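Student: Please walk me through one part of this structure slowly. I'd like to start with the empty space and then move on to the strands and their surroundings.

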Amino acid sequence: MCDHHDILKSNNKDLQSVEKQIDRRNFLKKTSLGLGALALGSLLNTEKAWSTIGNPAASPEDILNNYNKNRLGLPHHLPKAKRIIYLFQSGGPSQMDLFDYKPKLVDMFGQDLPKSVIGKTRLTGMSGSQSTLPIAPSLFNFKQYGESRAWVSELMPHTAEIVDDLCFIKGMQTDQINHTPAINFFQTGHQLPGRPSIGSWLSYGLGSDNENLPTFITLVSKNGKGQPLNASLWGNGFLPTEHQGVQFRSGKDPVLYLNNPDNYDGNDRKKMLEYLGDLNSIQHDAYGDPEIQARMKQYEMAYKMQTSVPEVTDTSDEPDHIFEMYGKDSRNSGTYAANCLMARKLLEKGVKFVQIYHQGWDQHVACPGGLRNQCKKTDQGTAALIKDLKQRGMLDDTLVVWGGEFGRTVYSQGQLTDKNYGRDHHPKAFTMWMAGAGVKPGFTYGETDDFSYNVTKDPVHVHDFHATLLHLFGIDHERLTFKHQGRRFRLTDVHGHVVKDLLT
């Protein structure tokens with residue numbers, strides 16, 4: 001193999017020819033990129049700041065001043081959250097069967113939902129053509145738990161044990177009524193694909209706490225059924241490509257194309273990357289395209305992940321009592337419970353954002369049986385994650401989010417019987433919860449009417465949810481922007497406000 005200096009010399013003539021074609025505009029662009037690159041060395045000194053938080057004599061101003069603010073001037077204010085696990089329940093869990101207890105509905109079984117309740121609500125084509133919309137009370141028993149006396153369905157006995165750590169939001173609202181635009185809206189702030197996801201915005205704004213693993217990692221429960229998921233949900237959109245989420249899969253190859261091909265030992269991989277870096281430096285100097293550097297960062301990360309990924313995805317060293325806490329599925333790689341355990345390990349290694357997707361919450365028919373199945377798969381793992389983070393002292397600076405893209409209707413889609421019903425999509429009122437860093441524990445915010453159909457107190461829109469999430473990370477959602485095609489974009493578009501009543 002020839003020396004990389006020979007490669008540079010052989011390309012020098014071509015490089016001079018290219019440089020002659022660079023006009024004043026490209027020169028200024030290239031220079032500004034160079035200045036921006038120098039600023040990359042000023043990333044968050046989070047360990048210094050978080051150690052200051054532990055000092056009772058330190059004022060909020062002292063703590064914030066201990067951050068070496070990064071190239072974007074972040075954080076804007078003192079953060080409460082250092083990392084996040086987002087447990088996305090794809091399909092739309094039925095709020096009145098899980099958390100939003102509506103006992104008055106029992107006496108209204110089979111009655112047509114009053115038009116005064118429906119108002120001008122948009123209905124889907126799946127139930128909008130029904131001659132009647134019969135009220136379907138939940139088949140499941142509810143009880144109050146903990147000091148907070150939160151109502152929880154019998155379907156979630158493990159979640160019932162942790163209600164005093166949870167902050168329920170019962171007045172969630174979204175603009176979207178169908179799955180794909182609704183999931184896009186929750187994950188990117190826009191109904192159409194192509195915008196950066198929440199994790200990508202956090203990666204772009206705050207950088208990484210681990211040089212050997214991605215800032216943003218996605219886990220999807222294996223053998224999932226229901227609405228399809230696509231990589232744009234954890235994509236970087238128009239942000240630099242190093243900020244896209246990396247999907248970890250179950251099995252022997254957690255990350256695609258990471259392992260060496262057959263009959264290649266990889267001993268010269270580092271030298272190959274050095275040669276490639278030299279060539280890309282020539283290209284970048286000539287054209288100033290930031291994506292060239294972004295691609296090199298991805299190559300370098302892939303090289304580092306060849307060592308770091310096998311270590312972090314190996315759970316064989318976990319003690320038996322941890323597996324017992326998460327449930328028997330936690331020993332089966334790729335299940336929801338196993339992914340919850342994996343998420344905790346990733347956070348311990350410095351990963352900032354872990355997104356877990358679990359499909360199957362779309363119960364248009366046979367809702368009671370479908371819910372039993374979903375809760376059996378997810379309830380224990382979810383509760384164990386909260387308990388595990390708490391016992392390790394991580395919940396104080398880790399934000400955990402649970403919820404889907406919308407809720408379900410109080411009326412039955414299709415035939416209603418005394419033992420079965422279906423529920424259609426409902427964007428106007430549904431339940432999510434948050435736990436951990438900076439949110440009020442044992443707290444319920446928002447109320448719905450007797451039909452769990454309209455929010456009657458303290459609505460929270462998706463844009464408000466995003467603004468609040470960013471606020472917990474020390475980010476003013478109106479100031480974290482990226483200029484693309486002549487416009488400055490942000491996660492919350494031109495909307496959203498921080499819901500301060502949710503915060504400690």
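Tutor: Let's start with what a cavity is: on a 1 Å grid over the protein atoms alone, it's a set of points where a 1.4 Å probe fits but cannot get out, and its lining residues have an atom within 4 Å of a point. Keep in mind that this is a predicted model, where local features need pLDDT of at least 70 and side-chain atom pairs need 80 or more, while totals for chains, interfaces and linings use all residues. Residues are numbered from 1 along each chain as its sequence is written, and side-chain values use heavy atoms, with hydrogens and water left out.

Searching the whole structure turns up two cavities of 30 Å³ or more. The second largest cavity holds about 50 Å³ of space; that volume is what probe spheres set on the points fill, with grid points joined across faces, edges and corners. Around the second largest cavity you'll find Pro93, Ser94, Gln95 and Phe99, then Trp402, Gly404 and Phe406, and finally Phe430 and Thr431. Sorted by class, this lining has five nonpolar residues, four polar ones and no charged ones. Here nonpolar covers Ala, Val, Leu, Ile, Met, Phe, Trp, Tyr, Cys and Pro, charged covers Asp, Glu, Lys and Arg, and the others, Gly among them, are polar.

Now for the strands. Strands (E, at least two residues) and helices (H or I, at least four) are DSSP runs, numbered from the N terminus. Take S7, residues 353-358: six of its six residues are buried, so the rest of the structure largely encloses this strand. "Buried" means under 20% relative accessible area, "exposed" means over 50%, and "partly exposed" is in between (1.4 Å probe, protein chains only).

In a regular strand, side chains alternate between the two faces of the sheet. In S7, Phe353, Gln355 and Tyr357 sit on one side and Val354, Ile356 and His358 on the other, and both of these faces are covered.

What does S7 pair with? For a pair, DSSP has to find at least two bridges between the two strands. S1 (residues 83-89) runs parallel to S7, with six bridges between them, and glutamine 89 has histidine 358 of S7 as its bridge partner. S5 (residues 216-220) also pairs with S7 in the parallel sense, over five bridges. There, threonine 218 stands opposite glutamine 355.

S1 is worth a visit too. Seven of its seven residues are buried. One side carries Arg83, Ile85, Leu87 and Gln89, the other Ile84, Tyr86 and Phe88, and both faces are covered. Besides pairing with S7, S1 runs parallel to S8 (residues 398-403), joined to it by six bridges. In that pairing, isoleucine 84 is matched with leucine 399 of S8.

Step back along the chain and you reach asparagine 70, in the loop between helix H5 (60-65) and S1. Asparagine 70 counts as buried because its relative accessibility is 5%. Its C-alpha atom is 8.4 Å from that of glycine 205, although the two residues are 135 apart along the chain. A polar atom of the asparagine 70 side chain also lies 2.5 Å from the backbone oxygen of glycine 205.

Another residue to find is serine 203, in helix H10 (residues 198-206). With 4% relative accessibility, serine 203 counts as buried. Its side chain is joined to that of histidine 243 by a polar contact of 2.8 Å. A polar contact is a pair of N or O atoms within 3.5 Å; within protein, one must be able to donate a hydrogen and the other to accept it, and residues adjacent in sequence count only if both atoms are side-chain atoms.

Helix H15 (residues 367-391) has a buried residue to look at as well: threonine 382 lies in this helix, and its relative accessible area is 2%. A polar atom of the threonine 382 side chain is 3.0 Å from the backbone oxygen of threonine 378.

Finally, try helix H16 (residues 462-472), which is mostly covered, with ten of its eleven residues buried. Among the buried ones are Val462, Phe465, Leu469 and Leu472. After H16 comes glycine 474, which has a positive phi, near 80°.

Methods:
1 Å grid on protein atoms, 1.4 Å probe; cavity = no way out; pocket = protein on both sides within 12 Å on 5 of 7 lines; lining within 4 Å.
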